[in-house]
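The following exercises are to be worked through with the sequence and the model at hand. Each task is followed by a solution in steps.

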Amino acid sequence: MNKFKEWLQIKGYSSTTVATVIKAVEYFIAWAEKENIIDIAEASHNDIIAYIQHYNIKGTGKKTIAHYILHLRKYFDFLASPLGRLEGLDNPCSNIKIKGIQRKVLHEILTIEEMEKLYNDYATEINLKKPEILKSPPPQHLQTLARKRNKIIVGLLVYQGLQTEEILKLQIQDVKIREGKIFISGANRSNERTLKLESQQIFDLLDYINETRKQILHHKNKSNINNPSFGGAGEALFLQLGEGKNKSNMLSMLLIHLKQMNGKIKNLNQLRASVIVHWLKLYNLRKVQIMAGHRYISSTESYKANNLDDLKEDIKNYHPF
């Protein structure tokens, strides 16, 4: 198990995840011994099915069984690696799926070029002679302010992969212009982290903080805001132009704009999913977990490239046209 532990650490798994995976493998080894499977490396596809049936009889939950098989798959991947010294070994856990588990709907992944195009082509100056979105649109200068604000949000979606609730919680002090970074505070379902800003974002953020945001505040006839839901008076990075307190309204309008730019887009979470999938092509699992703010490594694993076939099937089932 020491070499397996080393392999997991090389792959970037946290110490907690390593302990969980090893424990799951030990469960299988104990079961295999009772079934007279002397050499674990010779376990077959049918042996794995029998192992699943063992837990079904015990009444173990399907999600728990699925996690056991996921961890066991790692072990056979290790055996087939140079460190495991059984290169070419077929993984008996391959193509095994536990039926009856409600799966979240995954998203069609946008290319890096498509996402960058959303940012680069997002218009901040518009012609309101033929309004198509609002029956009674606000004055053009207010639309311009809103779109300059929205472009900053688009950047945080397509470059940093932020969740919408994280965007709404951002404070001015979270933007570290001199360092070229942005701090994202933790939440119930995510960890805090600091991410690099792209150069084009830095210039636009400077303009937004020094000019656009001040103009929005002036329009609201206030020197500061007092909304404890978003972290304190006067410090919220993103302000809405209306008098309501529901900031999600500005994200709803932004989504309409993005759908008009790219018909593939279904929701803003799709952009985050696209960012994480591309990160996984560049960095190890542990680094992506940190960058995405995932509490659990399994959340990051669900975006791995070997899940893309399942992702495509989900798209076919949920978005057939």
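**Exercise 1. Helix 4**

Task: Determine which residues of helix 4 are buried, and what they pack against.

Solution.
Step 1. In this predicted model, the buried residues of helix 4 are Ile65, Tyr68, Ile69, His71, Leu72, Lys74, Tyr75, Phe76, Phe78 and Leu79.
Step 2. These buried residues pack against helix 1 (2-10), helix 2 (15-34), helix 3 (45-58) and helix 12 (297-301).
Step 3. Helix 4 has 18 residues, and the distance from its first C-alpha to its last is 26 Å, close to the 26 Å expected at 1.5 Å a residue.

**Exercise 2. A lysine in helix 4**

Task: Decide whether lysine 74 is buried or exposed, and state which residues lysine 74 touches.

Solution.
Step 1. Lysine 74 belongs to helix 4, which comprises residues 62-79.
Step 2. Its relative accessible area is 6%. Buried means under 20%, and lysine 74 is therefore classed as buried.
Step 3. When residues up to four places away in sequence are not counted, lysine 74 touches Phe4, Trp7, Leu8, Tyr13, Val21 and Glu301.

**Exercise 3. Aromatic pairs**

Task: Classify the ring pair of tyrosine 75 with phenylalanine 76 and that of tyrosine 75 with phenylalanine 78.

Solution.
Step 1. A pair of aromatic rings is described by the distance of the centres and the angle of the planes.
Step 2. The structure holds 15 aromatic pairs. In the pair of tyrosine 75 and phenylalanine 76, the distance is 6.0 Å centre to centre and the angle between the planes is 70 degrees. Planes over 60 degrees apart count as edge-to-face, and this pair is edge-to-face.
Step 3. The ring centres of tyrosine 75 and phenylalanine 78 are also 6.0 Å apart, but their planes are at 40 degrees, so this pair is tilted.
Step 4. Tyrosine 75 and phenylalanine 78 are 3 residues apart in helix 4, which means that about one helical turn separates them. Residues three or four places apart point the same way, because an α-helix has 3.6 residues a turn.
Step 5. The relative accessible area is 11% for tyrosine 75, 1% for phenylalanine 76 and 6% for phenylalanine 78. Tyrosine 75 is buried, as are phenylalanine 76 and phenylalanine 78.
Step 6. Ring pairs link these residues into a cluster that also includes Phe4, Trp7, Tyr27 and Phe28.

**Exercise 4. The sheet**

Task: State the order of the strands in the open sheet, and identify the edge strands.

Solution.
Step 1. The open sheet has 3 strands in the order 1-2-3, and their pairing is antiparallel.
Step 2. Strand 1 (175-176) and strand 3 are the edge strands, since each pairs on one side only.
Step 3. Strand 1 is joined to strand 2 by 2 bridges, and valine 175 has isoleucine 182 in strand 2 as its bridge partner.
Step 4. Strand 2 (residues 181-184) pairs with strand 3 over 4 bridges. Here phenylalanine 183 stands opposite threonine 194.
Step 5. In strand 3 (residues 193-196) the side chains alternate. Arg193 and Leu195 point to one face and are buried, whereas Thr194 and Lys196 point to the other and are not.
Step 6. Isoleucine 182 is buried, with a relative accessible area of 0%. Its contacts, leaving aside neighbours within four places in sequence, include Leu156, Val175, Arg193 and Leu195.

**Exercise 5. Helix 9**

Task: Compare the span of helix 9 with the expected one, and locate its buried residues around the axis.

Solution.
Step 1. Helix 9 (residues 248-261) has 14 residues, which should span 20 Å at 1.5 Å a residue. The end C-alpha atoms are 20 Å apart, so the two values agree.
Step 2. The buried residues are Met250, Leu251, Leu254, Leu255, His257 and Leu258.
Step 3. Because they cover an arc of only 165 degrees around the axis, they lie on the same side of helix 9.
Step 4. What covers these residues includes helix 5 (112-121), helix 6 (140-158), helix 7 (164-169) and helix 10 (269-282).

Note on methods. Residues numbered from 1 in each chain as written. Predicted model: local features only at pLDDT ≥ 70, side-chain atom pairs only at ≥ 80, totals over all residues. Heavy atoms only, no water. Buried < 20%, exposed > 50% of the residue type's maximum accessible area, 1.4 Å probe, protein only. Pairing = 2+ DSSP bridges. Contact = heavy atoms within 4.5 Å. Expected span 1.5 Å × (residues − 1). Arc of directions from axis to C-beta. Phe/Tyr/Trp six-rings, centres within 6.5 Å; stacked < 30°, edge-to-face > 60°.
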